[in-house]
Amino acid sequence: MRVRFAPSPTGYLHIGNARTALFNYLLARKDNGSFVLRIEDTDTERSKPEYEKIILEDLAWLGLNWDEGPDVGGPFGPYRQSERLEIYQEAAQRLLKEEKAYLCYCAPEELEAMRQAQMQRKESPRYDNRCRSLTAQERAAFEKEGRKPVVRFRLPERKVTFNDLIRGEITFDTALMGDLIIMKSDGKAAFHFAVVLDDIAMEITHVFRGEDHISNTPRHILLFEAFGKIPPFFAHMAMTLGPDGSRLSKRHGATSLRELRSQGYLPEAIFNYLALLGWGTTDDKEIFTPAELMQEFSLGRCKEGAAIFDMAKLTWMNGLYFQKADLSRLVDLSLPFLREAGLVSETILPEEREYLARVITVLGERIKKFSDLPETAGIFLKDEVEYDAQAKAKTLQKEGVNKILADLSQLLEKEADFSTANLEKVIRDYCVNQNLKTSAVFHPLRVAVTGQTVGPGLFETLSLLGQKKTLRRLQTAQQNISE
RNA sequence: GGGGCGUUGGUCCAGUGGUCCAAGAUAGCGGCCUUUCACGCCGUCGACACGGGUUCGAUUCCCGUACGCCCCGCCA
């Protein structure tokens, strides 16, 4: 089995395409086949080399690896369509010679006008094949006008049926389609032509792509046949849609791997989540390792209906993977986010690293993604406390709180042992001695040292903060109360 | 306008001609736990798009309708 993923480098890789890549990857790995990466950059206007670089990076970041591609090479290269122009030109010449294709001199404006007229007459907008039987004189006349022709593929008039591996038998009638352009007037291959020629040349056995290509499949099949090739198997997976059910786009927020990555999602969480979009097992299992997915994935269990990308569920799953992740890796990954927020400096000392590791440990399940970190870790990393106005009014500016904080200051100043266990003992004892409810002490203390009413366990917090910071914050809090 | 593909709770997904007054997850809501939040646990809300047909019986099969998406580009 040989499958391919063929992105166009015209922007970031969005999650719909990433999922297509992932499914192809899983299929190949399950079958011990080859996963080919091909860059479809025949659109020179929109294709940018920097996007290709980013797409490759993000695919690798997700955890996919390819057996053949523009960067790693392979026996069927080159893997960039812009480097395969001669192949397409030769193939077009061959079809021209065999009269399976012809030159069309229609100008874009003429075609547009034709479409408009057809629409007005409530007809299908499609090319009327008017250049199919141009005489030599007519062609010469157009050439004399300076027109640059395109090459069109002469569609045999018949019904085309194929057996989609996910959807079953699908039939189209080419009588309803116009001849398609295979070579543009600038001499570059059109998408459909390049795709088929590459799939032939790269010996792709299974074309596994989005359902937006179902209607293109008969054209592809006819092209395969025009070259005397047996078409590959086709499988069309359902679309990934935005929360409103429309096609995924910018206005849906973070929809590319790049953006998800910059928001602090873990690649293994995205890998797992994406696999569950349009595919599922018969049991209740939802958490899969890549190895398990490679084993269990199958075309037969792919859904026909479109799936909506749900950020909330991804976030939940990301939290799960966060708990599983290796601590020192989490520290590494957290650094850019903390730097961005100005919470750590550019270079980081070993003891700062150690401290960060403790912060992340203490924060625990509270972190669902890295972008949460500056907010939650801030209380440990900032020098000064920022008091939440509501917390201050409700918890700090209360009768008796000032005395409690003053007492605790005295108490903790004498305390040499700032371990979680000892702090808990000391403070609980204080509550008993003063005949105070624990909540009457714990809550103000938390707000005093963190500025917030929520956060990790109080004694873990104090212990991690250390004596010096704790005492200073207690002082700040007392000053704050009177203000 | 033509053609194609689809439609199980808000979302993802399981399931089957009768055992389905439809499972699980996520989200929401409520509770328990706890010094708070989160986690965890428990509970709760909530779906077979609609109409015909086939059948003893249909969410499951067939037809139609509605709705959604896709193609009909010198974009890919």
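A residue is taken as near a strand if one of its heavy atoms lies within 4 Å of it. In this predicted model, 66 residues surround RNA strand B, and Ser8, Arg167, Gly278, Glu286 and Arg366 come nearest. By class, this surface comprises 24 charged, 23 nonpolar and 19 polar residues. Elements that each supply at least two residues to the surface near RNA strand B are the helices α4 (108–120), α6 (191–201), α11 (311–324), α18 (438–450) and α19 (458–482), together with the strands β6 (168–173) and β11 (307–308).

On the RNA side, sugar or phosphate accounts for 70% of the strand B atoms within 4 Å of the protein, and bases account for the rest. Polar contacts to the phosphates include one from a polar side-chain atom of Thr42, at 3.1 Å from a phosphate oxygen. Gly280 places a backbone N or O atom 3.5 Å from a phosphate oxygen of the strand. At Leu276, a polar backbone atom lies 3.1 Å from a sugar or linking oxygen of RNA strand B.

The largest pocket holds about 1200 Å³ of space. Its lining consists of 39 residues, of which Ser8, His14, Asn17, Asp212 and Arg247 are the closest to the centre. Helix α1 (15–30) gives the most to this lining, with four residues; β1 (2–5), α6 and β8 (206–210) are also among the elements that each supply at least two. The lining has 15 polar, 13 nonpolar and 11 charged residues.

The second largest pocket has a volume of about 280 Å³. Eight nonpolar, three charged and one polar residue make up its lining. Among the lining residues are Cys104, Tyr105, Cys106, Pro108, Leu111 and Arg147.

Arg147 also forms a salt bridge with Glu110, with N and O 2.9 Å apart. Glu110 lies in helix α4 and Arg147 in the loop between α5 (136–144) and β4 (150–153), a separation of 37 residues. Glu110 counts as partly exposed because its relative accessibility is 31%, between the limits of 20% for buried and 50% for exposed.

In total, 36 salt bridges are counted. Asp67 pairs with Arg29 at 3.1 Å between the closest N and O atoms; Asp67 is in the loop between α2 (49–62) and α3 (85–97), and Arg29 is in helix α1, 38 residues away. The corresponding distance between Arg258 and Glu57 is 2.6 Å. Arg258 lies in helix α8 (residues 257–262) and Glu57 in helix α2, so this salt bridge ties together parts 201 residues apart in sequence. A network of salt bridges links Arg4, Arg38, Glu40, Arg84, Asp198 and Asp199.

Technical notes:
Residues numbered from 1 in each chain as written. Chains lettered and ligands numbered in written order. Predicted model: local features only at pLDDT ≥ 70, side-chain atom pairs only at ≥ 80, totals over all residues. Heavy atoms only, no water. Polar contact = N/O pair within 3.5 Å; in protein donor to acceptor, adjacent residues only side chain to side chain. Nonpolar A, V, L, I, M, F, W, Y, C, P; charged D, E, K, R; others polar. 1 Å grid on protein atoms, 1.4 Å probe; cavity = no way out; pocket = protein on both sides within 12 Å on 5 of 7 lines; lining within 4 Å. Points joined across faces, edges and corners; volume = space filled by probe spheres on them. Salt bridge = Lys/Arg side-chain N within 4 Å of Asp/Glu carboxyl O. Buried < 20%, exposed > 50% of the residue type's maximum accessible area, 1.4 Å probe, protein only.
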